[in-house]
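Hi,

Here is the model I promised to pass on. Have a look at it first, and my notes follow underneath.

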Amino acid sequence: MSTGELLSIEPQELQFPFELRKQISCSLLLSNKTDSYIAFKVKTTNPKKYCVRPNTGVVSPRSTCDVIVTMQAQKEAPSDMQCKDKFLLQSVVAGPGATPKDITPEMFNKESGHNVEECKLRVLYVAPPRPPSPVHEGSEEGSSPRASVDNGSAIASEFKAASRAFAEQHDPQDNSSETRTLIVRLTEEKNSAIQQNNRLQQELDLLKRGANRSSSGIPFIYVVLVGLIGIILGYLLKKT
């Protein structure tokens with residue numbers, strides 16, 4: 001806190017939690033400990049970068065006033081996070097019952113014989129506040145956060161392995177001979193599956209006819225098993 005004869009100013013440094021592309025504000029508290037009306041004016045070395053509201057005003061006797069300083073959004077951060085900008089707050093005794101409309105530039109002219117009190121303020125960039133750490137819900141359900149992380153890592157590894165296998169199988173740069181070999185092998189497997197499926201279908205038809213002719217024929221469970229095998233082979237044939 002700066003305690004002058006006219007106004008007390010808090011804080012002495014304008015601290016901005018620096019973030020790119022975001023407007024940032026901080027406040028100054030002006031306290032009038034006297035029995036007079038005190039007029040003030042805020043100046044800065046970089047007026048295009050900052051917006052001060054109010055930049056002029058009157059503090060009534062034994063009262064306070066808040067001044068909001070807003071730094072415009074910045075596109076680049078300084079390399080050393082140091083700021084050379086400065087502010088100057090001037091204060092002077094005003095007439096009884098003075099209002100902001102009564103303030104004139106001449107009131108802050110020292111050469112005119114006015115007793116102008118000045119306070120220099122520097123600008124500091126500070127790190128923005130960190131967000132709170134999220135609560136792991138998995139621990140409430142009997143699973144530890146470590147286990148959740150391990151599961152996520154395992155799933156990610158499996159996904160990467162599957163992606164690599166898919167890319168290798170479908171790599172457009174494969175040799176033509178390997179491609180032909182793969183096609184021949186798949187064709188042979190397809191033909192073999194078709195033949196096996198046909199044989200099983202014929203055997204199933206024979207079993208069905210034998211079962212119809214004699215009640216003491218092939219057990220029903222055997223017929224069901226043969227049918228399931230035929231369905232599975234048919235599914236594999238379609239997938240190939």
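Let me start with a residue that caught my eye: D85 has a relative accessibility of 11%, so it counts as buried, the cut-off being under 20%. Do keep in mind throughout that this is a predicted model.

What does D85 pair with? Its side chain meets that of K49 in a salt bridge, at 3.0 Å from N to O. The two come from distant parts of the chain: K49 sits in the loop between β5 and β6, D85 in the loop between β8 and β9 (86-94), and 36 residues separate them. K49 is buried too, because its relative accessibility is 13% and the limit is 20%.

**Other salt bridges**

Side chains of opposite charge can pair when their charged atoms come close. How many salt bridges does the structure hold? The count is five, and I looked at two more besides the one above.

One of them joins R62 to D35, with 3.0 Å between the closest N and O atoms. This is again a link between distant parts of the chain: R62 is in the loop between β7 (56-59) and β8 (64-71), while D35 is in the loop between β4 and β5 (37-44), 27 residues away. Are these two buried or exposed? R62 has a relative accessible area of 55%, so it is exposed, and D35, at 61%, is exposed as well. So here is a bridge with both partners exposed, whereas K49 and D85 are both buried.

The other one is between E118 and K110, whose side chains meet at 3.3 Å, N to O. Both residues fall in the middle class: E118 is partly exposed with a relative accessible area of 38%, and K110 is partly exposed with 46%.

**The fold as a whole**

If you step back, you will find three helices and ten strands in the chain. In what order do they come along the sequence? The strands come before the helices, in the pattern β-β-β-β-β-β-β-β-β-β-α-α-α. The chain has 240 residues, and 25% of them count as buried. Its exposed area is about 17300 Å², with 53% supplied by carbon and sulfur atoms. As for contacts between residues at least 6 apart in sequence, 69% join residues at least 24 apart.

**Aromatic pairs**

There are three aromatic pairs in total. In one of them, F16 and Y50 are tilted, 5.9 Å centre to centre with 40 degrees between the planes. They bring together strand β3 (residues 13-17), which holds F16, and strand β6 (residues 50-53), which holds Y50, and the two residues are 34 apart in the sequence. Both F16 and Y50 are buried.

Another pair is F18 with Y125: the ring centres are 4.8 Å apart and the planes meet at 45 degrees, so this pair is tilted too. F18 lies in the loop between β3 and β4 (24-32), Y125 lies in strand β10 (residues 117-126), and 107 residues separate them. F18 and Y125 are both buried. Ring pairs also link F16, Y50 and F87 into a cluster.

**The helices**

Now for the other end of the chain. The unreviewed UniProt entry lists residues 183-210 as a "coiled-coil region". How does the model treat that stretch? Over residues 183-210 the chain is 100% helix and 0% strand, with the end C-alpha atoms 41 Å apart.

Q196 is found in helix α2 (residues 176-213), and it is partly exposed, given a relative accessible area of 32%. What is the distance between Q196 and L233 in space? They are 37 residues apart in sequence, but C-alpha to C-alpha the distance is 8.1 Å.

Finally, have a look at the surface patch. I221, Y222, L225, L228 and I231 make up a nonpolar patch there, with about 520 Å² of accessible area together. I231 belongs to helix α3 (residues 220-239) and is exposed, its relative accessible area being 59%.

That is what I have so far. Happy to talk it through whenever suits you.

Cheers

Technical notes. Residues are numbered from 1 along each chain as its sequence is written. This is a predicted model: local features need pLDDT of at least 70, side-chain atom pairs count only at pLDDT 80 or more; totals for chains, interfaces and linings use all residues. Side-chain values use heavy atoms; hydrogens and water are left out. UniProt positions are given in the numbering used here, feature names are shortened, and annotations may be inferred rather than shown by experiment. Helices (H or I, at least four residues) and strands (E, at least two) are DSSP runs, numbered from the N terminus. Rings of Phe, Tyr and Trp (its six-membered ring) pair if their centres lie within 6.5 Å; planes under 30 degrees apart count as stacked, over 60 as edge-to-face and the rest as tilted. Buried means under 20% relative accessible area, exposed over 50%, partly exposed in between (1.4 Å probe, protein chains only). Contact means heavy atoms within 4.5 Å. Accessible areas come from the Shrake-Rupley method with a 1.4 Å probe; for residues, only the protein chains shown count as cover. Patches are made of residues with over 30% relative accessible area and no salt bridge: like charges are joined within 9 Å, nonpolar side chains (Val, Leu, Ile, Met, Phe, Trp, Tyr) within 5 Å. A salt bridge is a side-chain nitrogen of Lys or Arg within 4 Å of a carboxyl oxygen of Asp or Glu.
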